[in-house]
Amino acid sequence: MSGPTRVAVIGGGPGGLYAAALLKRLDPSREITVWERNAPDDTFGFGVVLSDETLGGIEHADPAVYRALSEEFVRWDDIDIVHRGARSASGGHGFAALGRRRLLEILHERCRALGVELRFRAEAPPAARLRTEYDLVVAADGVHSATREAFADVFRPRLTGHRCRYVWLAADFAFDAFRFEIAETEHGAMQLHGYPYAADASTVIVEMREEVWRAAGFDELDEAESAERCAKVFADALGGRPLRSHKSAWTAFRTVVCARWSHGNLVLLGDAAHTAHFSIGSGTKLAVEDALALAANLEEQPTLEKALAAYEEERKPVVASTQRAARASLEWFENLAQYVDQPPRQFAFNLLTRSRRVTHGNLRLRDAGFTEAVEREFGCPPGTPPMFTPFRLRGLTLRNRVVVSPMDVYSAVDGVPGDFHLVHLGARALGGAGLVMTEMVCVSPEGRITPGCAGLWTGRQAEAWRRITDFVHRQAPGAAIGVQLGHSGRKGSTRLMWEGMDEPLPKDNWPLVAASPLPHRPDGQVPRELTRAQLTDVREQFASAAWRAARSGFDLLELHCAHGYLLSGFLSPLTNRRTDAYGGDLDRRLRFPLEVFDAVRSVWPEERPMTVRVSAADWAEGGTTPDEAVATARAFAAHGTDAVDVSTGQVVAEERPEFGRSYQTPYADRIRNEAGVPVIAVGAISSWDDVNSLILAGRTDLCALGRPHLYDPHWTLHAAAEQDYAGPAVSWPAPYGAGSRRPQTGRTDAPKPRLKLHS
C-alpha cells in the first residue's frame, strides 16, 4: 500500500524514534512528528544491550544507523558469576552494548537527517485527538503508557507486579565481562548485574527482594545515599569505586501484557504494549524489533487495518516467548535465596540457564571447559551427560534420570490390563528410560475415571500386571517399573478421553464420592461427601491395592494426590469445603491424604520407594499457593515419601494455566530447594537438552516425560545415540543393537573452495 502519509509518534525512546526513522526512510514524503516530554539528553538507565539478531535487522533496514551504532559498541564474550568469593567464568556468549544516551543521539541525528520533526519537552496531544488528525498514531510512551490506559477497554492490559526492587546506577570504569555478583548480607541476599557500555563506563543494576530492601533501610535513603550504600555492599566488584546515579529511583518491575496492540489507526509499540524483565536484556531489543516489524508490514500489506493485524500476528508470539523467558529469569532472582547454598559452579550454571533459553547443550558449544567443570563437580563421569547419571531412591537405584510419565491409555477391560498395556509399557522400558510408570491404576470400580481404566482391586488384575512387570524385568534389564495408585473422586464416570475428556457417561454411570459435594463441571454428576466410615473404606482400598501391587512385582509405588482426583480434592481449598477434621486449613486438608499414605506405606515393602504426585498450583484464584505446595511436600516427606512428583492444575474446570516450555518445573525447583526432598519434574519437558539442563542446575532430580514417549518409545535410547553416549545408563536390546547409531543420510555438504584463481 502507499501507507499512511501523516504519522504521529508518542514517545521519543529508541522504539518510537526508530519507527519514525524507518517510516520516513521508506517514504520520504511522509509527515512524521515525534513528541517526547523529556529533554533530548534525559534518559532512564545508562547502557543498552542489543543482540546480533536485532543488529542484523537494523543493518538490513537502515545501514546508516547500523554503521553509527557499530562505531560505538563495546563488545565482549564472557560472563562472570561471583558468589561466596568464588568466581566462575563462562565464555562465548557475545554481547554488544552502548550508552543509552548515545543511542538516542544517533537516532535523533538520523531522524533529523531524514526530516522527522522532533518535539522535546512537549506533551503529546491526547491520542484520541491525534487519531482524528493523523493517518497513523504510534504509541511508544513506555511502561506507564497514558495511551494504553486511555484505551484500556480496547487493549485490555494486564499488569503484574513482582517481588524485587531494583535501581539503575553506573560506574566510571568498564567491567571486563558481564558480571553477576551475589552479596549475602545480614538482611538477605542482594545481587549486582553489571556490564560495560563504553570504554570507561558500566551499567550497574542492584536488585533485591522487597523485604530485604526494607530491612536494609533503602526505603529511607535518598538517591545519593542509596548509590553510596550499594557501592559499599559491592565494594569488591567495584574495586572500591563509587557509583553514580541519574534520576535513579528504586523500582518494582511490572510485567505488561495486552490482549490487543492496535485500535483503528492507533498502535502500541515497545513497553507500551509489553515488558520483559531487564535480566534478559530485552526491553530496547523488543522495541526496536517492534519498529522493524511495524514498518515492514505497513510496506507489505494492502491496507492499514491488515498491516496492523499482521504486525500483531508477527510480533505477539515472539514477545510471548520472550516474556516467558523473562518471567523465568525474574522469578529465579526473586527466589535467589533458595540457591545460595549450591556448589559454586552449579550455582553459576543454574544462573546462566535460569531463563531456559540458554541450555546445557548451547553452553557446551559456547564454553566446553566451563560445562565440563560443572559436570565434574556434579559427579558426572567423563563423557556422561547429566541425564545418564544414576539416582537412588531407598533400595532402588535408577540407571538414569528419565521417567516415562504416567499416561492413561483407557484400554483395560473390567480393570484388567491387556496386550495394549504390555506393548505400551514394554516398548518404553525397552526404550531406555530409568523408570516406567503405569497410568493411574484405580483402587476400586467406583474410583475409575472411565470404563477403560486399569485397576488393582482384584487378584485377576494383579496377575495381569505381573505379566507386564515380568516382561520389563526380563527383557529390559536395568529398567524399573512403577505403579501409580489413585481414585477418581468427583472426576469419575466419564467418557474415554478420545470420546470427550471429562464429559459424563451418557449411561451406566456409577455414583461418585469426593471431599465435598461439588461437581467438576456444571454438567457433571454431584458427588457425595465422604463420611467417616467411607473414608476408612477408601483408605483400606488403597492399602489393599498397594499389597497387590507389591505382589505384582512393581519396583516403586506412587500415590496420586494431584489433578483433582480424590486425594487432590482434599488438598485444594477450591474442592474441599468440609467443616470437620478433614477440611479447613492446610493441616486439616492434609489429614486424609496422609492417612492414606501411611496405610499404603505400611503394606508396601520397606526397601521399595514410594513417591507422591501433587498439584503444586491450581491455576485458579483462591487455589493452592506456592507456600502451601512446599508445606504439602514437607508433610509427605515427614511421613516417609522418597520423592515428590510435582505437577500442577487439572483440579478445577475453570483453571487458566500458563503453558510454556518446562512451565511446571519452577514448582519442582522450589519444593526441592526449600523442602529438601527429591523431586520429579514434569510438564512440557521435551528435549534431552532440557533434561540435562534441569538436572545439572539442581532444579530437579528426575524428569518425567509423557508426550515425547508417545511420539518416540525409544526416546531415551535416541537421546543417548544423539549425544554419543554408550555407557551403563542405557542398553540397547540385543535385537535392536544395529540401530544404536543414527541411520545414514545423503550428503548435504558441498566441496570447500581451496584455490583462489587470479585473472
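1. F659 is an exposed residue of this predicted model, because its relative accessibility of 56% lies over the 50% cut-off. Its ring pairs with that of Y663: the centres are 5.3 Å apart and the planes stand at 75 degrees, so the pair is edge-to-face. Y663, in contrast to the exposed F659, is buried, with a relative accessible area of 17%.

2. The structure holds 27 aromatic pairs. Another of them joins W332 and F347, whose ring centres lie 5.7 Å apart with the planes at 55 degrees, so this pair is tilted. The pair links distant parts of the chain, since W332 belongs to helix α12 (residues 304-334) and F347 to helix α13, with their positions 15 residues apart in the numbering. Both rings belong to buried residues: W332 has 3% relative accessibility and F347 has 0%.

3. W332 and F347 are also members of one aromatic cluster. The other members of this cluster are W76, F95, F178, F180, Y195, F333 and Y339.

4. Helix α13 spans residues 344-352 and is mostly covered, with 7 of its 9 residues buried. The buried residues are Q346, F347, A348, F349, N350, L351 and L352. F347 of the tilted pair is thus found within this buried set.

5. A nonpolar patch of about 340 Å² appears at the surface, made by M497, W498 and M501. W498 is placed in helix α18 (residues 497-500). With 53% relative accessibility, W498 counts as exposed.

6. An open sheet of 7 strands shows mixed pairing and follows the order β6-β5-β11-β12-β13-β10-β14. Its edges are β6 (86-90) and β14 (251-258); each has a single partner strand, so one side of each is left without a neighbour in the sheet. On average, and with direction ignored, neighbouring strands of this sheet are turned by 25 degrees against each other. At the β6 edge, strand β5 (residues 79-83) pairs with β6 in the antiparallel sense over 5 bridges. Within this pairing, I81 has S88 of β6 as its bridge partner.

7. Strand β9 (residues 136-139) has side chains pointing both ways: L136 and V138 point one way, V137 and A139 the other, and all are buried. β9 runs parallel to strand β1 (residues 6-10), to which 4 bridges join it. In that pairing, V7 has L136 of β9 as its bridge partner. β9 also pairs with strand β16 (residues 266-268), again in the parallel sense, over 3 bridges. There, A139 has L268 of β16 as its bridge partner.

8. Two loop residues deserve a look at their backbone angles. Most residues other than glycine have a negative phi. R394, however, has a positive phi near 55 degrees. R394 is found in the loop between β17 (391-393) and β18 (396-398), and it is partly exposed, with a relative accessible area of 28%. A684 likewise has a positive phi, near 60 degrees. A684 is placed in the loop between β27 (679-682) and α24 (688-696), and its 43% relative accessibility makes it partly exposed.

Technical notes:
Residues numbered from 1 in each chain as written. Predicted model: local features only at pLDDT ≥ 70, side-chain atom pairs only at ≥ 80, totals over all residues. Heavy atoms only, no water. Buried < 20%, exposed > 50% of the residue type's maximum accessible area, 1.4 Å probe, protein only. Helix = DSSP H or I, 4+ residues; strand = E, 2+ residues; numbered from the N terminus. Pairing = 2+ DSSP bridges. Axes fitted to C-alpha atoms, helices over the stretch in contact; angles between N-to-C directions. Patch = residues over 30% accessible without salt bridge, like charges linked within 9 Å, V, L, I, M, F, W, Y side chains within 5 Å. Areas by Shrake-Rupley, 256 points an atom, 1.4 Å probe, with all protein chains shown as cover. Salt bridge = Lys/Arg side-chain N within 4 Å of Asp/Glu carboxyl O. Phe/Tyr/Trp six-rings, centres within 6.5 Å; stacked < 30°, edge-to-face > 60°.
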